[in-house]
Amino acid sequence: MSEKSPPAPKTSEHRRRGSGRNRGATGSYPQSWVALAAMVVLLQALFAVYIFRQYAFPSPSERYLILNATLYTLDPTSPDGADAFVVDAQGRFEVIGSTPTLSAKYWNLKQYNAHRKLIIPGLVDSHAHLLHAGVRSMQANLAKSKSVKDVVSRLVRFLNANPEFSDGGSSSGKWLQGHGWDQTLWPGSSFPTAADLDAHPRLKNIPIALVRIDGHAMWCNSLALALSSIPRDPNVPIPGGEVIRDPETGLPTGVLIDNAMAFVSNAIPPLDLATKRKGVQIASKLMLEKGLTGLHDAGVSIDDISLFKSMIDDGQFFIRNYAMILCDLVCESLPQKIEDGYKNGLLTVKSVKLVMDGALGSWGAAMIDPYSDAPTKRGILKIPEQNVLGLIKSVISQSYQVNVHCIGDLANKLALDAFESISNSRNDGGKWMKSLRNRIEHSQIMRVSDIKRFGSLGVIPSVQPTHATSDMSYAESRLGKSRLAGSYIWKSFLQDLPHLPLGSDFPVENLDPMKGIYAATTRKWENGSSPAGEDQGWYPHERLTRLEALKGFTISAAYAAFQEDVLGSISAGKWADFVVYEDDWIKEEEDGGHVGELDLLAVSPTVTVVGGVPRFGKLLKFQRG
């Protein structure tokens, strides 16, 4: 397997040089001088074209050769010592081999010398939200806020920086929206209230809706509550959701959980098309800057799919999107699938996202037993238990992959029960069920007895390492120590499964895959510590190696999307999606690697290539021979 190449001395990369200023002729000079000046201008123009040809990005119809790379192909069939490859005119890998062999055979191609820089397959986030990430970047950012006071201060600064927002009431139609607050980081760790927002004069007269970091709770001011459709009667049931109410008055306090968020979100004016397109462009640019060439988009609408196709048609969509259609309680009449990828594989639609429960941070994850720190709560089932089997059957009958959001142990159990029931009805030893590659998104908290069921059913756990490092400060108090034995497991899954796709759930977490790789390989906060102590990982036996983590963002992500024949490794015939880095961060320190644990957090790519075309950064210096 050509996964590692020995390090070699770094060679400085030549910089593009300017060609001087053009000189023009005037009528006052002799005619011979004018001719000479014209010749100089022509030579300068030709030289500029030559320089441009050396440094310009290759077009999708241009073959080229990459040489002298530290290459991790993740393809066990790659020849030993492979450190070079050819990209064909269609944007696919044509051949992989050694620099001496390929430079001699393909001497006539444009060549780029990697100077032993690291090149890996394009990284894919296996669970993320493209449009939401872009749109939220245009809203007030409340992530890592330290208190209610800090949130209020950030909102006021946002209003100051965005004068288009009116403070004069709801007549303008503008809502102040924000995201990322997390009450577990605040003193007391209790939910905030509408009164906390109303207390500031700048925040009273504009409706405010602030989404919690996990996307499963919303905090509103009184004006937003007044514009909502929240039932006045506190006894009205809210399936799959909860309105937090004052125990004495029965009035809403300002926080809505899961399905109850719709009472307010339905009152917010919908996004216009221009804003959506801008959001996709912003999120795509951020992805490419961090080495992400694609994502599994966990919950899109039919309108979103139309938007993506339109942007692809317009040449404004540069990443690969494996889109999951978000389905609620009815999943009949799903649209025609896009199985082989729309226009050069940029959009694939063949999976459905179901949401079984809420999130741990808002006590919404559905648990078999009550929460340790809230004995009256067991979380929220967003799909009634009696509907789970029928809903999953409905999706499978339409030949769609089923991807179920499950955080709590009850949610995971119910999803596995449904898959097992459907599998048993075939009497084929589980062969058919395994071929469907159904997934459980998050696979976060489980009974230990349920872990083995993933392997026996062929259900793929799609996990997000930074969820563990975000939750570990309060997970034990919320769940109790005994339930952590089946929680946030990664290495245990790999004992029974060949693939463990990794993601971030951005914008819930930071989209930088290196943060996920750091979390996966250390199980520490970014300061190097954890609840286990200074320089100690949290339940370290579940850590992954760097190579395992890399596979989670590449070949395992591809497998979870039925794309292992076209993505996930540097292999002949696959799309030429790859990322270039200055240093080999994959080699472990004990194996001679010189990128330390904390250094992983600072790693950034120099080039990100999708379909053979650099979409971030520049390829390396062109050379002949």
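Angles of 65 to 115 degrees between helix axes count as roughly perpendicular, a cut-off that the first view puts to use. The model shown in these close-ups is predicted.

**View 1. Helices H8 and H9 cross at roughly 70 degrees.** Here helix H8 (residues 273-289) meets helix H9 (residues 302-313), and their axes come within 11 Å. With that crossing angle, H8 and H9 are therefore roughly perpendicular to each other. The crossing in which H8 passes H9 is right-handed. On the H8 side, the contact is made by Leu273, Lys276, Arg277, Val280 and Gln281, while H9 brings Asp304, Leu307, Phe308, Ser310 and Met311. Sorted by class, the contact of H8 with H9 holds five nonpolar, two polar and three charged residues.

**View 2. Helix H11 packs against helix H12 in a right-handed crossing.** The axis of H11 (residues 388-397) comes within 9 Å of the H12 axis, and the two cross at roughly 55 degrees. H11 and H12 are therefore oblique to each other. From H11, look for Val388, Leu389, Ile392, Lys393 and Ile396; they meet Leu414, Ala418, Phe419, Ser421 and Ile422 of H12. This contact of H11 with H12 divides into eight nonpolar residues, one polar and one charged.

**View 3. Helix H12 also packs against helix H14, at an angle of about 35 degrees.** H12 spans residues 409-424 and H14 spans residues 448-457, with their axes 11 Å apart. H12 passes H14 in a left-handed crossing. The H12 residues taking part are Asn412, Lys413, Leu416, Asp417, Phe419, Glu420 and Ser423, and their counterparts in H14 are Asp450, Arg453, Phe454 and Leu457. Five charged, four nonpolar and two polar residues make up the contact of H12 with H14. Phe419 is worth finding in both H12 views: this residue belongs to the contact with H11 and to the contact with H14.

**View 4. Six strands line up in an open sheet with mixed pairing.** Following the sheet across, the order is S8-S9-S10-S11-S13-S12. Strand S8 (140-141) and strand S12 (241-245) stand at the edges with a single partner strand each, so one side of each has no neighbour in the sheet. Inside the sheet, strand S9 (residues 176-181) runs parallel to S10, and five bridges join them. Gln177 is the residue that stands opposite Ala209 in S10.

**View 5. Strand S11 is covered on both faces.** Which residues of S11 (residues 217-220) lie on each side? Ala217 and Trp219 are on one side, Met218 and Cys220 are on the other, and all are buried. Strand S10 (residues 208-212) pairs with S11 in the antiparallel sense over three bridges, and Val211 stands opposite Met218. These two strands form a hairpin with four residues between them, and Gly215 in the turn has a positive phi of about 80 degrees. S11 also runs antiparallel to strand S13 (residues 252-258), to which three bridges join it. There, Trp219 stands opposite Val255.

**View 6. Strand S1 has buried residues on both faces.** In S1 (residues 64-67), Tyr64 and Ile66 are buried on one side, and Leu65 and Leu67 are buried on the other. S1 pairs with strand S5 (residues 110-113) in the parallel sense over four bridges, with Tyr112 as the bridge partner of Ile66. Strand S3 (residues 84-87) runs antiparallel to S1, and three bridges join the two. In that pairing, Leu65 stands opposite Val86.

**View 7. Another open sheet has five strands and mixed pairing.** The strand order is S2-S6-S23-S24-S25. At the edges stand strand S2 (70-71) and strand S25 (613-617), each with a single partner strand, so one side of each is left without a neighbour in the sheet. S24 (residues 607-610) and S25 pair in the antiparallel sense over four bridges. Val610 has Val613 in S25 as its bridge partner.

**View 8. Ser487 sits in the loop between helix H16 (475-479) and helix H17 (491-494).** Is this serine, Ser487, buried or exposed? Its relative accessibility is 4%, so Ser487 counts as buried, given that buried means under 20%. Leaving aside neighbours within four places in sequence, Ser487 is in contact with Gln444, Ile445, Met446 and Leu479.

Terms used
Residues numbered from 1 in each chain as written. Predicted model: local features only at pLDDT ≥ 70, side-chain atom pairs only at ≥ 80, totals over all residues. Heavy atoms only, no water. Axes fitted to C-alpha atoms, helices over the stretch in contact; angles between N-to-C directions. Left-handed = near helix turned anticlockwise from the far one by under 90°. Contact = heavy atoms within 4.5 Å. Nonpolar A, V, L, I, M, F, W, Y, C, P; charged D, E, K, R; others polar. Buried < 20%, exposed > 50% of the residue type's maximum accessible area, 1.4 Å probe, protein only. Pairing = 2+ DSSP bridges. Parallel < 35°, antiparallel > 145°, perpendicular 65-115°, else oblique.
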